[in-house]
Amino acid sequence: MEILVTTSTPRFPFPPQIKRHRKFSRPQLLNCSRNTGESSGLSRAHISKESGSLDVDDNGKEERKRNDIWQLFEEAQQNIMYLNKQRLLAMEELGRVKNERNSLLDRIHQLEMQNQATARKDKLTISSELLLRIDALVLNGMIGITEASDLRRLVIDSRLSLADDIHDIILKNDAEFLAELRHLSKTTKGNGFHIIHICTEMSPVVSVGSLAPYITGLSCALQRKGNLVEVILPKVVYGIGVTFIEPVYYSSFFSHDKVYGYLNDFERFTYFSRASLDYLVKLGKRPDVLHIHNWQTSVVGPLFWDVFVSQGFESTRIVLTCQGFDSQSLEQPEKLALCGLDPSTLLRPDRLQDNNKSHLVNVLKGGVVYSNKVIVMSSVYTKGYIISALGQGLEPTLAIHKEKLVIAPSGFDKTAWDPSHDNFLPQHYSADDMEGKLMCKFALQRYLGLEEGASNILVGCIYTGISEDLDTLKKLCWIASSKGVQFVFMRYGQIPGVSTSFEICQAEVKDKNVRFIDEYDEELSHLIISGSDIMLCPSLDDHLLQVPPKAIKYGTAPIPVNSPDSRFRDFGNDSSERSKFSLYINSAFGNMSLGQAVDEIKTNPLEWNRRIKDGMVKDFSWESECTEVHISAYQVVKKL
């Protein structure tokens with residue numbers, strides 16, 4: 001019996017790139033019988049064309065057998081190589097899928113955190129949304145100011161218990177919303193305050209100086225503690241009801257490129273102050289506290305007591321915050337008539353008459369005189385030192401009204417500034433686990449192109465100071481960099497004169513250990529504060545960026561540029577007048593120079609690390625001492 005046989009096909013398909021080579025030119029015939037007549041295995045044979053008999057050539061048979069085996073071996077090798085390549089590709093694909101899975105899980109975690117933040121935000125904003133809806137009902141004529149006042153009091157007194165109940169009805173139309181609101185009964189009496197800020201800045205809406213972060217930071221902190229906060233701004237956030245005042249007949253008042261610095265600033269801001277009070281009367285709002293700020297809204301004080309108090313504000317009190325006394329606004333008395341005040345009754349030493357130029361009125365002085373409480377923002381100075389040395393001509397007035405004065409330190413937003421959950425950092429860390437801080441240092445060194453190493457002391461500086469300090473900074477660079485200390489300077493803002501001086505400093509300081517960053521970057525600022533061992537601070541009383549308290553939270557020592565700071569030694573010796581922040585920073589870093597700090601890091605690392613960790617667990621955010629001072633002030637004025 002003759003059978004035609006070909007090489008069997010492998011169980012797996014050959015890849016296209018592997019060619020199958022055949023050495024057979026013709027099919028082979030195999031002998032399938034034995035002499036015994038039994039079936040046997042297959043064997044290859046030659047066929048005689050003449051006789052048709054099998055001519056078996058043993059040598060040829062062995063040669064072909066070896067060729068067949070070798071061919072199968074080559075094909076097996078090729079298949080193994082192909083399978084190995086496919087395995088590697090599969091492993092790469094598996095790695096990619098795992099990475100995508102991890103990224104997806106991280107994204108899910110971020111979304112869950114955002115959802116939690118949104119839920120929390122809804123809780124905080126619900127009362128403000130209610131009040132704005134009530135304002136709209138008044139403006140639409142659906143309710144009168146008396147009912148509006150009652151509804152606001154309902155919201156204020158029950159804001160914690162109403163948040164869940166009102167969430168479903170807040171989106172209803174006005175008629176349904178009003179019907180639901182009228183049927184809501186008070187369930188819990190609240191102990192917080194209804195505070196309305198009348199101001200000219202608020203982050204991120206209008207941000208020029210230190211007032212903007214203060215308004216937003218304080219307002220959010222107050223609301224998280226159960227108070228209700230609203231803000232009135234000139235028309236030019238998070239969890240806060242904001243009302244913009246837009247002039248109709250004087251539309252050019254606030255259609256400027258800048259907030260301040262115009263010849264008609266007095267007219268602009270007195271108009272805004274008067275319009276804000278008219279707005280509150282029209283809507284029937286009766287806040288516990290009207291909180292005014294700097295000279296720009298200080299005229300609210302005399303306007304309130306001389307004109308508006310009898311229009312339903314008998315239980316409202318006035319609090320003034322001063323970021324400083326450098327700007328006071330001196331004007332001709334007759335201009336007061338523009339906002340409805342009587343100049344003849346106010347040009348007096350005990351009212352608005354300026355202490356040095358008796359023919360002029362001083363608007364900021366009027367705010368101090370007519371407010372029930374005056375909060376001066378200072379993280380390091382005492383009340384006595386401010387009254388005697390920082391009043392800028394208001395010292396006699398501040399001395400007369402010293403019982404009104406309280407001092408509050410600045411803070412920072414701990415939801416954004418905390419190394420344990422800061423999304424801008426390559427690795428999180430805390431006082432209990434400092435490994436992440438070292439990773440932040442390495443990341444900053446890599447970013448700046450500096451030599452990486454834990455032993456390389458790195459000094460950061462976010463420069464907001466005056467140009468005179470740059471000479472000191474240059475000297476510090478030259479001295480410290482010669483000892484291997486690394487520096488990074490980042491400029492904040494574009495201030496004429498200062499910007500030029502900064503560029504000159506950058507050109508003069510050429511050192512492998514020094515880096516300059518010309519433009520402020522918020523994300524990079526987190527890395528600089530976390531990755532540095534020391535933050536050089538032009539001032540420890542920093543209300544704009546709050547670098548000193550942030551540095552303490554991130555385990556970085558805030559060292560003043562001018563140290564030992566002669567100004568710091570004169571801040572006042574009465575510890576009862578000093579803030580908690582001032583007491584801490586004075587004992588920990590206030591009298592330490594950069595050279596002393598560098599030496600202690602090198603020679604006494606255990607004590608240095610203990611001091612650093614001790615500061616990290618303290619809370620100097622807006623929600624801590626700053627808010628406590630303000631709530632205490634509100635409590636005092638409400639008892640008057």
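A residue counts as buried when its relative accessible area is under 20%. Keep that cut-off in mind as you click through this predicted model.

**Stop 1: two loop residues with positive phi**

Select Gln-546. You'll find it in the loop that runs between strand E17 (534-537) and helix H16 (547-553). Its relative accessibility is 4%, under the 20% cut-off, so Gln-546 counts as buried. Look at the backbone too: phi is positive here, about 55°, although Gln-546 is not a glycine.

Now jump to Asn-294, in the loop between strand E8 (289-293) and H7. This residue isn't a glycine either, and its phi is positive, near 55°. With 14% relative accessibility, Asn-294 counts as buried.

**Stop 2: the big core**

Next, colour the nonpolar residues. The largest nonpolar core has 124 residues, and the members that touch the most others are Phe-487, Ile-534, Leu-536, Leu-594 and Trp-608. Which helix gives the most to this core? Select residues 265-283: that's helix H6, which contributes eight residues.

Zoom in on Ile-534 and leave aside its neighbours within four places in sequence. Its contacts then include Leu-458, Val-459 and Gly-460. Further along the chain, Ile-534 also contacts Thr-556, Ala-557 and Ile-559. Add Leu-594, Ala-597, Val-598, Ile-601 and Trp-608 to your selection, since Ile-534 is in contact with those as well.

There's a second core, separate from the one Ile-534 belongs to, made up of 26 residues. To find it, select Leu-218, Val-319, Val-629 and Ile-631, which are among its members.

**Stop 3: H5 meets H21**

Two of those residues lead straight to a helix pair. Leu-218 in H5 and Ile-631 in H21 both take part in the contact between these helices. Show helix H5 (residues 211-224) together with helix H21 (residues 622-638): the axes are 10 Å apart and the packing angle is about 80°. H5 and H21 are therefore roughly perpendicular to each other.

To see the H5 side, pick Pro-213, Tyr-214, Gly-217, Leu-218, Ala-221, Leu-222 and Arg-224. The H21 side consists of Trp-622, Glu-623, Cys-626, Thr-627, His-630, Ile-631 and Tyr-634. Colour this H5 and H21 contact by class and you get nine nonpolar residues, three polar and two charged.

**Stop 4: H6 meets H7**

Go back to H6 and bring in helix H7 (residues 300-308). Their axes come within 10 Å and cross at roughly 45°. That angle makes H6 oblique to H7, and their crossing is right-handed.

From H6, the contact uses Ser-273, Arg-274, Leu-277, Asp-278 and Val-281. H7 answers with Val-300, Leu-303, Phe-304, Val-307 and Phe-308. By class, the H6 and H7 contact has seven nonpolar residues, one polar and two charged.

**Stop 5: H12 meets H15**

How do the axes of helix H12 (residues 435-448) and helix H15 (residues 522-531) cross? They come within 8 Å, at an angle of roughly 120°. H12 and H15 are therefore oblique to each other, and the crossing of H12 and H15 is left-handed.

On H12, light up Lys-437, Cys-440, Lys-441, Ala-443, Leu-444 and Tyr-447. On H15, add Leu-524, Leu-527, Ile-528, Ile-529, Ser-530 and Gly-531. Sorted by class, this contact of H12 with H15 has eight nonpolar, two polar and two charged residues.

**Stop 6: a loop histidine**

Is His-421 buried or partly exposed? Find it in the loop between strand E13 (405-408) and H12. At 37% relative accessibility, His-421 counts as partly exposed. Setting aside neighbours within four places in sequence, His-421 is in contact with Lys-414, Thr-415 and His-428.

**Stop 7: a strand residue and a cis bond**

Now select Leu-233, in strand E6 (residues 228-234). Leu-233 is buried, with a relative accessible area of 0%. Try a distance label between its C-alpha atom and that of Ile-198: the two residues are 35 apart along the chain, and the C-alpha atoms are separated by 6.5 Å.

Ile-198 ends strand E5 (194-198), and the loop from E5 to H5 holds Pro-204. Take a last look at the peptide bond joining Ser-203 and Pro-204: the bond is cis, with omega about -5°.

Key:
Residues numbered from 1 in each chain as written. Predicted model: local features only at pLDDT ≥ 70, side-chain atom pairs only at ≥ 80, totals over all residues. Heavy atoms only, no water. Core = buried A, V, L, I, M, F, W, Y, C linked by side-chain atoms within 4.5 Å. Buried < 20%, exposed > 50% of the residue type's maximum accessible area, 1.4 Å probe, protein only. Helix = DSSP H or I, 4+ residues; strand = E, 2+ residues; numbered from the N terminus. Contact = heavy atoms within 4.5 Å. Axes fitted to C-alpha atoms, helices over the stretch in contact; angles between N-to-C directions. Parallel < 35°, antiparallel > 145°, perpendicular 65-115°, else oblique. Left-handed = near helix turned anticlockwise from the far one by under 90°. Nonpolar A, V, L, I, M, F, W, Y, C, P; charged D, E, K, R; others polar.
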